[in-house]
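Here are my notes on this one, written as I clicked through it. Have the viewer open while you read.

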Amino acid sequence: GPQHLGHPEIRDRGRHHMHALIATDGSDVSLDAARRGVALLRPTHVTLLSVADTSIADDSGAGGFEGNLLSPAESERARNAILAEGDDEIASTEQAMAIDPVNVEHRVVEGSAGPMICQVAEDLSPDVVVVGSHGRGFLKRVVLGSVSEHVIRHCTVPVLVIRAEHD
């Protein structure tokens with residue numbers, strides 16, 4: 001009978017340690033993936049990752065048109081604005097997930113989404129990487145289809161791809 005199982009929550013606590021690295025760009029697709037990923041995996045620890053493409057802020061004119069030059073101060077402001085956007089994306093993703101914020105770590109890194117997600121996965125060795133996939137069309141910053149494809153192909157950690165339900 002079931003009586004030998006003891007208290008499920010106590011048994012579970014010893015067995016179930018899961019660290020999920022969840023990539024987000026703040027879009028509905030990402031929020032949906034984070035929400036469904038957490039419900040499915042019930043991770044004990046989550047790292048929320050936003051990859052900020054700050055390359056636009058580096059345009060201090062190497063080969064650019066004269067009119068496009070950013071002064072160092074403007075470049076720094078642009079970079080800070082892009083990084084701040086990453087913080088906002090993480091905050092909204094965290095609100096979408098049913099998990100205690102105490103167990104959530106925030107990370108904003110700079111670079112190209114696919115490679116950087118794999119890089120962070122390499123550094124942190126989570127149990128699983130969660131990415132949303134839009135399948136088609138442009139989102140705010142990236143085509144998530146190509147990002148999830150890159151992550152599946154190059155990540156050494158298991159990857160959970162959650163396709164948008166409303167495709």
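**Notes on the fold and its salt bridges**

1. I'll begin with a salt bridge in helix H5 (residues 144-154). At 43% relative accessibility, Glu-149 counts as partly exposed, because that value falls between the 20% and 50% cut-offs. Its partner is Arg-153, with 3.9 Å from N to O. Arg-153 counts as exposed, at 60% relative accessibility. The two sit four residues apart in H5, so about one helical turn separates them.

2. Now the usual caveat: this is a predicted model. The chain has a mean pLDDT of 83, and 77% of its residues get to 70 or more. Confidence bottoms out in helix H1 (residues 8-15), with a mean of 50, and peaks in strand E1 (residues 19-23), at 97. Where pLDDT is low, the predicted coordinates should not be read in detail.

3. On to the sheet. It is open, has five strands in the order E3-E2-E1-E4-E5, and its pairing is parallel. E3 and strand E5 (159-163) are the edge strands, each pairing on one side only. On average, neighbouring strands are turned by 25 degrees against each other, direction ignored.

4. If you want one strand pair to look at, try E2 and E3. They pair in the parallel sense over seven bridges, and Ser-50 stands opposite Val-108 in E3. Helix H3 packs on the sheet here, touching E2 and E3, and its direction makes about 150 degrees with that of E3. Helix H4 (residues 113-124) also packs on the sheet, touching E1, E2, E3 and strand E4 (128-133). The direction of H4 makes about 145 degrees with that of E2.

5. How far does helix H3 (residues 72-96) reach from its first C-alpha to its last? The span is 37 Å for 25 residues, close to the 36 Å expected at 1.5 Å a residue. Its buried residues include Ile-82, Leu-83, Gly-86 and Ile-90, and Glu-89 and Glu-94 are also among them. The cover over the buried residues of H3 includes helix H2 (28-41), strand E2 (45-52) and strand E3 (104-110).

6. Ser-75 is worth a click as well. This residue is found in H3 and counts as buried because its relative accessibility is 15%, under the 20% cut-off. Which residues does Ser-75 contact, leaving aside neighbours within four places in sequence? They are Ala-57, Asp-58 and Leu-70.

7. Back to charges. Six salt bridges turn up in a search of the whole structure. One of them joins the side chains of Arg-79 and Glu-110, at 2.7 Å from N to O. Arg-79 lies in H3 and Glu-110 in E3, so this pair ties together parts that are 31 residues apart in sequence. Both ends count as partly exposed: Arg-79 has 25% relative accessibility and Glu-110 has 32%.

8. Last stop, helix H2. Arg-35 and Asp-32 meet through their side chains in a salt bridge of 3.8 Å, N to O. They are three residues apart in H2, so about one helical turn lies between them. Is each partner buried or partly exposed? Asp-32 is buried, at 9% relative accessibility, whereas Arg-35 is partly exposed, at 40%. Arg-36 belongs here too: Asp-32, Arg-35 and Arg-36 are linked in a network of salt bridges.

Note on methods:
Residues are numbered from 1 along each chain as its sequence is written. This is a predicted model: local features need pLDDT of at least 70, side-chain atom pairs count only at pLDDT 80 or more; totals for chains, interfaces and linings use all residues. Side-chain values use heavy atoms; hydrogens and water are left out. The expected span of a helix is 1.5 Å times one less than its number of residues. Buried means under 20% relative accessible area, exposed over 50%, partly exposed in between (1.4 Å probe, protein chains only). Contact means heavy atoms within 4.5 Å. pLDDT is the predictor's confidence in each residue, from 0 to 100. Two strands pair if DSSP finds at least two bridges between them. Axes are lines fitted to C-alpha atoms, for helices over the stretch in contact, and angles run from 0 to 180 degrees between N-to-C directions. A salt bridge is a side-chain nitrogen of Lys or Arg within 4 Å of a carboxyl oxygen of Asp or Glu.
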